[in-house]
Every structure is written in structure tokens, then in C-alpha cells.
Amino acid sequence: MQNPPTKRSKPVTKPSTTPVEPAGESPVDFKKGRREKATLVDPIKDTKPPHSVEAEQGVLGCIMLEPAKCIGVCIEKINGGPEAFYDLRHRTIYELMVEMYSKKEAIDLITIQQKLKDRGQLEGVGGLVYIASLPDCVPSAANLDYYIEILREKHVMRVMIGTCTDAVSGAYEHHGEVDVLIDKVVVDIQKVADLAVSKESVYPVKKLVPEALAHIEKLLAGGTISIPTGFTDLDEITWGLHPGEMFVLAARPSVGKTALAMNIAEHLSLNGQSVGVFSLEMTKESLMQRLLCARAKVNHHHIRKGMLSAEETNRLMKAASELAKAKLVIDDTGGLSLIKLQARARRMKQQYGISVLVIDYLQLMNAKVRQSDNRQVEVSAISSGIKAIGKELNVPVVVLSQLSRKSEDRGNNSEPKLSDLRESGSIEQDADTVLLMYREKSKVKEEGGSQTVQITPVKVNVAKNRNGPIGEIELMFLKYCTRFENAAPIDSGEHGHETPDFI
């Protein structure tokens with residue numbers, strides 16, 4: 001009799017000491033205690049840069065169909081020149097066409113192929129057959145603007161890719177100050193932005209006449225002052241501040257140019273205008289103390305000594321509640337470079353919608369975009385850069401500037417001249433309006449019985465006014481609270497204001 005089959009037990013195995021590799025993960029070297037280096041795959045390694053062969057053929061085909069009409073349009077609107085063409089064949093052909101146009105040579109199939117043949121480039125661009133096929137790529141030259149727009153967009157994207165790639169490489173390899181790298185990246189990005197802007201530069205008179213008439217009608221209706229400064233006599237000469245214009249306020253130190261600029265900023269920000277202030281000299285805390293004291297007409301020395309009266313405290317609190325509603329933005333970063341100021345001004349425009357820009361003051365800026373030992377060259381770059389940002393943002397820019405010592409060397413109370421603008425004549429050239437401030441002897445006027453307040457007459461000479469008259473006005477400076485006031489009206493006659501002279 002056979003024994004019944006016995007149930008076989010499973011063999012007992014010892015737990016393995018060898019780790020099992022998890023599924024889906026890269027091999028791990030447990031002896032070294034770290035993962036092996038993974039192979040990185042560049043998702044755009046084999047991707048060609050943005051381009052449109054058809055648009056490039058379309059542009060060249062339009063030129064060959066109507067060279068006299070199309071080549072000039074292409075030169076004007078294709079910002080990148082031959083570099084806007086991705087295909088080297090098309091770049092070579094377009095560069096030759098531009099050269100022939102500049103020499104007033106005939107542009108057609110025969111002349112182009114002959115030029116290329118003489119230079120040994122004919123076979124490199126595809127031969128005569130390819131050149132002859134270009135006019136057949138387009139039905140007519142009427143769609144040239146559309147082809148140019150496609151060409152421009154693709155070119156901008158390629159430049160942007162190159163710029164961003166350089167920025168990333170620079171971040172990995174840069175070992176100096178990070179501000180230098182940031183400035184370079186900002187300049188490069190701005191170049192891309194400028195390349196992307198397609199602006200019309202030629203306007204027929206028939207389109208300009210209606211705009212001019214509309215502006216004249218507005219002036220005749222009484223809308224002469226664009227953005228009032230709050231100072232009646234000044235607005236009468238300058239017609240206020242104008243978008244896109246550079247308004248230079250120049251004086252020797254301690255005359256009150258910062259006070260006047262902040263009084264204008266205070267007036268504008270409390271009357272519907274959004275004002276951005278770049279203070280390179282004073283801190284935001286000092287500026288706010290000045291604004292509060294000027295608004296409340298409180299002696300700032302009393303605050304320092306802790307001797308405010310109950311009346312002054314009430315005025316100060318009222319001024320604080322009013323200024324809290326002001327549309328005023330302050331940046332007190334010292335030693336700003338031109339490109340940093342331009343970048344921050346653009347950000348102010350985007351975030352706060354600023355309609356007026358104040359810079360205190362020009363000589364404290366530096367222009368890293370131009371490396372030069374000549375300070376006049378640097379100031380010239382700063383001046384032209386400030387003018388450009390005002391036009392770009394379409395806002396008036398009030399720029400404070402120092403005057404040289406020459407005005408003091410001519411004697412006390414001597415009137416400064418445009419040539420006294422410190423370190424550069426380009427400030428005078430770039431500015432649309434220049435105000436030169438200088439003080440006369442102080443006067444003491446009694447206010448409130450026993451209390452005396454020092455009031456200083458300050459002359460403001462409108463030495464340049466590109467779009468209006470020039471002349472001189474007088475303002476009253478209350479030094480105890482750093483506030484300017486309109487001068488009291490003077491009867492006409494012997495002591496009346498002279499009629500301003502037009503340029």
C-alpha cells in the first residue's frame with residue numbers, strides 16, 4: 001500500500017541583502033550612496049529657430065515684381081536688415097538688392113543673376129532656376145506688408161531666443177557684481193523690444209492737418225494748459241507740462257529746486273495726476289517730512305526740537321490725511337544708472353499709470369551703457385536717455401540739474417545763463433523747457449503779530465521754451481516749511497511784468 005502524497009512545503013529562503021531597483025527609476029549605486037547621473041534631454045535641441053521660408057520668398061518675389069515700389073518699403077520696415085532673413089540664400093539675395101538700390105542700379109532677374117555670378121554666389125543661392133521662381137511665389141506685390149510682418153515676427157522671436165539663452169549662460173558663468181549682469185540683460189531685452197516695435201515714420205500731410213486743427217480748436221476753447229503746475233505765472237508762460245517733453249529745473253545748491261519740484265508733484269498728485277519721483281539725493285522719509293511740513297506750513301525745526309503747538313499738530317494731521325490720498329510714488333534708490341531708471345519708470349507706468357515723472361537730480365546718475373572717462377559724454381548719454389523715456393512713456397519729465405559755479409563768480413544775485421548748466425551742453429539741447437532759479441536778498445515779513453516769517457523772493461527765468469515764450473517770473477519761498485507760493489499780483493505800469501519774448 002502506497003503512502004498518500006505528502007504536501008510539499010515551500011522552501012524557506014533568507015531575505016536577500018541585495019537591494020532591488022524600483023521600477024521606473026534610474027540605477028542606483030548603493031556602494032557610493034548616490035544616484036548615477038541622469039542623461040538630460042534638451043527638448044529644443046533638434047528644433048529649428050522660428051522662421052517662414054514662404055514669407056521670405058514672398059518679400060523677395062514682391063521686390064522682383066515691382067522693385068521701384070517695394071525695395072524702399074522693405075528697407076524702412078524690416079528693422080533687422082538682411083539678418084531678418086533666416087535662409088542664407090534669401091539673406092544673400094536681399095543684401096544684394098539693397099546694395100543695388102543704394103547704387104541706383106536696375107533690379108531684375110538678369111542683373112541679379114549676373115551680379116551673383118560675378119561674385120561666385122549664384123550656385124550657392126540655388127542657381128538661376130531658383131531666383132527665377134521667386135516672382136512666381138506671390139500673386140502680386142499688394143501683400144508685401146503682410147509678408148514683412150511675418151518676417152519681422154519670426155526675426156524678433158529668434159533674437160529673443162538668442163538673448164534669453166545668453167542671459168542664462170551669463171547667469172551660470174558670471175562671477176562679478178550681479179548688477180552688471182542685470183544691466184546687460186536689461187539692455188539686451190530693450191534691444192529686442194525696440195526691434196519688435198514697428199512704428200510708422202512717414203505721415204502724409206492730409207492725415208496731419210485734421211489733427212493740427214483739432215489741437216488748435218482745443219486751444220481756442222481755453223484748454224491752453226496741458227498739465228498745470230499750480231503756479232499761475234509759470235503756467236502762463238509754459239502752458240504747463242506737456243507729455244513727452246523734458247522740463248529742466250536748474251539752480252545752484254540750496255536755492256530750492258527740490259522744494260519747487262516737490263511742490264509741483266504735490267499739486268499734481270492731489271489733483272488727479274499720478275506722479276513718479278526718483279530721488280537720488282534724499283531719502284523717502286526726508287521727502288515725506290518735507291511734503292508734510294510744506295502742506296501744513298509747519299516749521300520743520302519745531303518738529304526736530306519736539307516743540308509743536310496744538311495748532312501746528314492739527315494742521316500736520318490734516319495734511320497727512322490729505323497726502324495719504326495723493327497719487328504719488330517715490331523711489332529713493334541712490335546712484336541709479338540710466339538703464340535701471342528707464343526700467344523702473346516703465347514699471348511705474350505699468351503698475352501705477354504715472355502721468356508725470358520727476359528726477360532729482362541728473363548729475364547723480366551714471367550711464368553704464370557707455371564706458372567713458374569723459375563725464376560730459378556720460379551726462380550727454382543720460383540726458384538723451386531721459387528725453388527718450390519721456391517720449392516712450394508719453395509723460396512730461398521734470399529733471400533737476402545743477403548749475404556750475406560760473407554764475408556765482410559773476411557776482412551776487414547775478415542771473416544764471418543756459419551755458420551755466422553743469423557738465424554738458426546736451427541738457428540745453430535735449431530740454432524742451434529750461435527754468436533757471438536764483439535768489440535775491442531775503443525779506444522779513446510779519447505774520448500773526450509777534451511771529452515773524454522769513455520770505456525769500458526767488459526769480460525763475462524761463463530761459464528756453466521750445467513751444468512758447470520766454471520770460472522771468474517771481475515766486476515766494478517760505479524757507480521754514482520749504483514751500484513756494486505764487487507772488488502777490490503786481491499792478492501794471494512801471495513795475496508790471498514785461499511781455500515775454502517769443503523765441
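Is threonine 482 buried or exposed? Threonine 482 is buried, with a relative accessible area of 11%. The views below come from a predicted model.

**View 1. Threonine 482, a loop residue with positive phi.** Threonine 482 sits in the loop that links strand 11 (469-478) to strand 12 (483-486). Its phi is near 50°, a positive value in a residue other than glycine. Most residues other than glycine have a negative phi. The cut-off for buried is under 20% relative accessible area, so threonine 482, at 11%, falls in that class.

**View 2. Lysine 104, an exposed loop residue with positive phi.** Lysine 104 belongs to the loop between helix 3 (88-102) and helix 4 (109-118). Phi is positive here too, near 60°. Lysine 104 has 79% relative accessibility and therefore counts as exposed.

**View 3. The largest nonpolar core.** This core holds 36 residues. Leu260, Met437 and Phe484 have the most contacts inside it. Helix 10 (residues 257-269) supplies the largest share, seven residues. A second, separate core has 32 residues, including Ile359, Leu362, Ile389 and Leu393. In soluble globular proteins, nonpolar side chains tend to be buried together.

**View 4. Surroundings of methionine 437.** Beyond four places in sequence, methionine 437 touches Leu260 and Phe484. Its other contacts include Leu249, Ala250, Ala251, Val255, Gly256 and Lys257. Pro416, Val458, Lys459 and Val460 are also among them.

**View 5. Asparagine 461, buried in strand 10.** Strand 10 spans residues 452-465 and contains asparagine 461. Asparagine 461 has 10% relative accessibility, so it counts as buried. Leaving out residues up to four places away, asparagine 461 contacts Glu415, Pro416, Val434, Leu435, Leu436, Gly471 and Glu472.

**View 6. Helix 1 against helix 2.** The axes of helix 1 and helix 2 (residues 67-77) come within 6 Å and cross at roughly 140°. The two helices are therefore oblique to each other. Helix 1 contributes Val59, Cys62, Ile63, Met64 and Leu65. Helix 2 contributes Pro67, Cys70, Ile71 and Cys74. By class, the contact has nine nonpolar, no polar and no charged residues.

**View 7. Confidence along the chain.** Mean pLDDT is 77, and 79% of residues reach 70 or more. Confidence is highest in helix 1 (residues 53-65), at 90, and lowest in strand 13 (residues 501-502), at a mean of 38. Residues 9-43 have pLDDT below 50, with 10 contacts beyond near neighbours in sequence. Residues 490-503 stay under 50, with 16 contacts beyond four places in sequence. Where pLDDT is low, the predicted coordinates should not be read in detail.

Key
Residues numbered from 1 in each chain as written. Predicted model: local features only at pLDDT ≥ 70, side-chain atom pairs only at ≥ 80, totals over all residues. Heavy atoms only, no water. pLDDT = per-residue confidence, 0-100. Helix = DSSP H or I, 4+ residues; strand = E, 2+ residues; numbered from the N terminus. Contact = heavy atoms within 4.5 Å. Core = buried A, V, L, I, M, F, W, Y, C linked by side-chain atoms within 4.5 Å. Buried < 20%, exposed > 50% of the residue type's maximum accessible area, 1.4 Å probe, protein only. Axes fitted to C-alpha atoms, helices over the stretch in contact; angles between N-to-C directions. Parallel < 35°, antiparallel > 145°, perpendicular 65-115°, else oblique. Nonpolar A, V, L, I, M, F, W, Y, C, P; charged D, E, K, R; others polar.
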